[in-house]
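These exercises walk through one structure step by step. Try each task before reading its solution.

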Amino acid sequence: MTEPRVRPDPAFALLGLYETALPEVYGYLLSRCGDRTLAEELTSETFLGAVAACRKEYAPAVSTGWLIGVARHKLADHWRRLEREERGLRLVHDSEPDVDDPWDEQLDALRARQVLDSLGPHHRAALTLRYVDGLGVPEVAGHLGRSVHATEALLVRARAAFRRAYEEKEGRDA
């Protein structure tokens, strides 16, 4: 009679990668959210989600790039939660869709980061995924759980809000 084989936990593949991937994942999240505590929480959620994914029957190949993708999803989920909370509290939503956005001025990186941080989570998420991460509109729509058309409209509003806040801040800083 043969004894049943003990199958090693597939999540052990993460252990070898953990020390090198942790700073990469944390740095990715911190650079996009600007909040250490939030970046730490999302990094933890990323690795917990990765462990769960590794234990599935058709687990993906574990790599730092894959973990960054998991982190991107965790960050998008966080922004969606924030937006739902804000939407629930907001009674009136100002929407001024612009048709054209030919803004070609040079942006000050520090001011742009401050302005981005001051925007609502839905605008911040859309702009970060589109312009910082360089994703196409369909990919941004997928991350945000919106249709492509709704995402295009959101990006138009987000760019307009960014521009207004940037120019307002520029006037105060001058």
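Two residues are in contact when heavy atoms lie within 4.5 Å. The model used here is predicted.

**Exercise 1. Place histidine 78 and list its contacts.**
Task: state which helix holds histidine 78, decide whether histidine 78 is buried or exposed, and find which residues beyond four places in sequence are in contact with histidine 78.

Solution.
Step 1. Histidine 78 belongs to helix H3.
Step 2. The relative accessibility of histidine 78 is 14%. Buried means under 20%, so histidine 78 counts as buried.
Step 3. With neighbours within four places in sequence left aside, histidine 78 is in contact with Leu38 and Leu42.

**Exercise 2. Describe the chain as a whole.**
Task: find how many helices and strands the chain has, and what percentage of its residues is buried.

Solution.
Step 1. The chain has seven helices and zero strands. Read along the sequence, this gives the pattern α-α-α-α-α-α-α.
Step 2. Of the 174 residues in the chain, 38% are buried.
Step 3. The chain exposes about 11000 Å², and carbon and sulfur atoms supply 54% of that area.
Step 4. Take the contacts between residues at least 6 apart in sequence: 69% of them join residues at least 24 apart.

**Exercise 3. Examine the largest nonpolar core.**
Task: determine which members of the largest nonpolar core touch the most other members, and which elements give two or more residues to this core.

Solution.
Step 1. The core has 41 residues, and Leu29, Leu67 and Phe162 touch the most other members.
Step 2. Two or more residues come from each of helix H1 (13–33), helix H2 (36–54), helix H3 (64–89), helix H4 (109–118), helix H5 (121–132), helix H6 (137–144) and helix H7 (148–173).
Step 3. H1 gives the largest share, eight residues.
Step 4. Domain 1 (10–89) and domain 2 (109–171) each supply at least three residues to this core.
Step 5. Beyond four places in sequence, leucine 29 touches Gly34, Ala39, Leu42, Thr43, Thr46, Ala71 and Leu75.

**Exercise 4. Follow helix H5 and threonine 128.**
Task: count how many residues of H5 are buried, then find what the side chain of threonine 128 reaches.

Solution.
Step 1. H5 is mostly covered, with nine of its 12 residues buried. Among them are His122, His123 and Arg124.
Step 2. Threonine 128 is part of helix H5. Its relative accessibility is 1%, so threonine 128 counts as buried.
Step 3. At 2.7 Å, the side chain of threonine 128 reaches the backbone oxygen of arginine 124.
Step 4. Beyond four places in sequence, threonine 128 touches Arg32, Trp79, Leu116 and Asp133.
Step 5. Just after H5, glycine 134 takes a positive phi of about 70°.

**Exercise 5. Compare valine 148 with two cysteines.**
Task: classify valine 148, cysteine 33 and cysteine 54 by relative accessibility, and state how many disulfides the structure has.

Solution.
Step 1. Valine 148 is in helix H7. At 36% relative accessibility, valine 148 counts as partly exposed.
Step 2. Valine 148 and valine 137 are 11 residues apart along the chain, and their C-alpha atoms are separated by 6.5 Å. Leaving aside neighbours within four places in sequence, valine 148 is in contact with Val137, Pro138 and Ala141.
Step 3. Cysteine 33 is buried at 10% relative accessibility, and cysteine 54 is buried at 3%.
Step 4. A search of the whole structure finds zero disulfides.

Technical notes. Residues are numbered from 1 along each chain as its sequence is written. This is a predicted model: local features need pLDDT of at least 70, side-chain atom pairs count only at pLDDT 80 or more; totals for chains, interfaces and linings use all residues. Side-chain values use heavy atoms; hydrogens and water are left out. A nonpolar core is a set of buried Ala, Val, Leu, Ile, Met, Phe, Trp, Tyr and Cys residues joined through side-chain atoms within 4.5 Å. Buried means under 20% relative accessible area, exposed over 50%, partly exposed in between (1.4 Å probe, protein chains only). Helices (H or I, at least four residues) and strands (E, at least two) are DSSP runs, numbered from the N terminus. Domain bounds come from an automatic or database domain assignment. Accessible areas come from the Shrake-Rupley method with a 1.4 Å probe; for residues, only the protein chains shown count as cover. A disulfide is a pair of cysteine sulfur atoms within 2.5 Å. A polar contact is a pair of N or O atoms within 3.5 Å; within protein, one must be able to donate a hydrogen and the other to accept it, and residues adjacent in sequence count only if both atoms are side-chain atoms.
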